[in-house]
Amino acid sequence: MITKKIAFLIAFVFFSTYINAQQIGASPEYVKALTAQWKGERFADGRPKVADIYLERLQEATLEQIWGFLGNKGFRNQVEKDWIILKPGETMVGRVVTAQFMPSRPDLDSLVKQTGRAEGRSQKGGINIWPIDILTKGDIYVADGFGKVKDGTLIGSSLGNAIVGKTGKGVIFYGSVRDMQELKDTKGFNAWVKGHDPSYIKDMTPTSINAPIRIGQVTVFPGDVVFANEYGVVFIPAFLVEELVHNAELTGLRDEFERLLLQQNKYPSGQIHGDWNDAIKNEFRAWFAKYPKKLAITSKDIEAYLEKEGH
């Protein structure tokens, strides 16, 4: 009897230790380690807090600008294409919260539910709400639903409204949703998904929140910034966003100014497309000083740009 009690106690201690070691939600320390190259402000969960101005300005970028910049930085696998888009023609930019779902099996499901309970996660309404519960303003919920469509609907209209209420944004699912008609009528919400179906979610278990996940050909980190439009979805490491926005704005400004000069037929095309002379530089400075849109770059950035590489 004593031996059985000792064995039970050992098993209990081992199981308790195992449960405590396993987590559904990644710790802030783990998220910080993943995103160690980010040196700025962070959320309480450890994710980088990229400033709103850069998210706003990133809306004006193109998929090709972002792809080219990231490729030059060695990030060659950041774009996923071929989506079903709830509201085509819109661009969605935000900070990523990740979740991974896997096919259910009883022993896994039991462990996940026990771990979720230990982490203080809701025990009502289905465990697929756990990632939604932690969303904040400006977040985009990104989930790996392993491409499941029928019985793989991670949200419907009710949870879609909960998401837009918390974030003002939408979702990107390597999986599916239901209630497409109602979701399309939900103001402020958009979705990039691999399919949709009228069925309810079934036989799927969330195994991680705010850990790395795979979305098609892309490895996605919590705290990445996602840019999504009708041409594709690209995930940007947080520490590169500021430089990317500056680069995209400078490229866009130069292209816009060059088109203006070409229409005026004031200078030979070769001078406009090549290295600018002092007269063109001064016109560019004056044009930028009156630029009507809010920008992330400043006149100091413009001067540094003009001095670089003979521009």
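Where in the chain is Asp203 found? Select Asp203 and you will land in the loop between strand 8 (195-196) and strand 9 (204-209). Keep in mind that this is a predicted model. The phi of Asp203 is near 60°, a positive value in a residue other than glycine. As for solvent, Asp203 counts as partly exposed because its relative accessibility is 48%, between the 20% and 50% cut-offs.

**Zoom out**

Now show the whole chain as a cartoon. You should find twelve helices and 13 strands. Along the principal axes, the C-alpha atoms fill a box of roughly 95 × 45 × 30 Å. Of the 311 residues in the protein, 47% are buried. If you like contact maps, take the contacts between residues at least 6 apart in sequence: 73% of them join residues at least 24 apart.

**A second positive phi**

Next, select Asp151, in the loop between strand 4 (139-144) and helix 7 (157-167). Here too the residue is not a glycine and phi is positive, near 65°. Is Asp151 buried or exposed? Its relative accessible area is 18%, under the 20% cut-off, so Asp151 is buried.

**Helix 4 and its two sides**

Move to helix 4 (63-72) and show its side chains. Leu63, Ile66, Phe69 and Leu70 are the buried ones to pick out. Turn the view until you look down the axis of helix 4: the buried residues fall within an arc of 140°, so they line one face of the helix. On the other side, Glu64 and Asn72 are exposed.

What covers the buried residues of helix 4? Display helix 3, strand 1 (79-80), strand 12, strand 13 and helix 9, which are included in that cover. Before leaving, step just past the helix to Gly74, which follows helix 4 and has a positive phi, near 95°.

**Into the largest core**

In soluble globular proteins, nonpolar side chains tend to be buried together. In this model, the largest nonpolar core has 22 residues. Select Val50, Leu58, Ile66, Phe227 and Ile236, the members with the most contacts inside that core. Helix 3 (52-58), helix 4, strand 12 (225-229), strand 13 (232-236) and helix 9 each give two or more residues to the core.

Centre the view on Leu58. Leaving aside residues up to four places away in sequence, Leu58 touches Ile66, Val93, Val225, Phe227, Ile236, Leu244 and Val245. Another core, of 21 residues, lies apart from this one; try selecting Leu135, Tyr141, Val164 and Val177, which are among its members.

**Two buried loop residues**

Which loop holds Leu86? Look between strand 2 (84-85) and strand 3 (92-103). With a relative accessibility of 3%, Leu86 counts as buried. Put a distance label from its C-alpha to that of Asn190: the two residues are 104 apart in sequence and 5.7 Å apart in space. Beyond residues up to four places away in sequence, Leu86 touches Met180, Leu183, Lys184, Phe189, Asn190 and Ala191.

Then go to Arg121, in the loop between helix 5 (106-118) and helix 6 (130-133). Arg121 is buried, at a relative accessible area of 17%. Show what Arg121 touches, again setting aside residues up to four places away in sequence: Ile24, Gly25, Gly116, Trp130, Ile134 and Ile209.

**Last stop: helix 12**

Finish by selecting helix 12 (residues 299-307), where Ile302, Tyr305 and Leu306 are buried. Viewed down the axis of helix 12, these buried residues fall within an arc of 95°, so they line one face of the helix. The face turned away from that buried side carries the exposed residues Lys300 and Glu307. Add helix 9 (241-264) and helix 11 (278-289) to the display, since the buried residues of helix 12 pack against them.

How do helix 9 and helix 12 cross? Their axes come within 11 Å, and the crossing angle is roughly 70°. That makes helix 9 roughly perpendicular to helix 12. To see the contact itself, show His246, Leu250, Leu253 and Arg254 of helix 9 together with Asp301, Ile302 and Tyr305 of helix 12. Colour this contact by residue class, and you will have four nonpolar, one polar and two charged residues.

Methods: Residues are numbered from 1 along each chain as its sequence is written. This is a predicted model: local features need pLDDT of at least 70, side-chain atom pairs count only at pLDDT 80 or more; totals for chains, interfaces and linings use all residues. Side-chain values use heavy atoms; hydrogens and water are left out. Buried means under 20% relative accessible area, exposed over 50%, partly exposed in between (1.4 Å probe, protein chains only). Helices (H or I, at least four residues) and strands (E, at least two) are DSSP runs, numbered from the N terminus. The arc is that of the directions from the helix axis to the C-beta atoms. Contact means heavy atoms within 4.5 Å. A nonpolar core is a set of buried Ala, Val, Leu, Ile, Met, Phe, Trp, Tyr and Cys residues joined through side-chain atoms within 4.5 Å. Axes are lines fitted to C-alpha atoms, for helices over the stretch in contact, and angles run from 0 to 180 degrees between N-to-C directions. Angles under 35 degrees count as roughly parallel, over 145 as roughly antiparallel, 65 to 115 as roughly perpendicular and the rest as oblique. Ala, Val, Leu, Ile, Met, Phe, Trp, Tyr, Cys and Pro count as nonpolar, Asp, Glu, Lys and Arg as charged, and the others, Gly among them, as polar.
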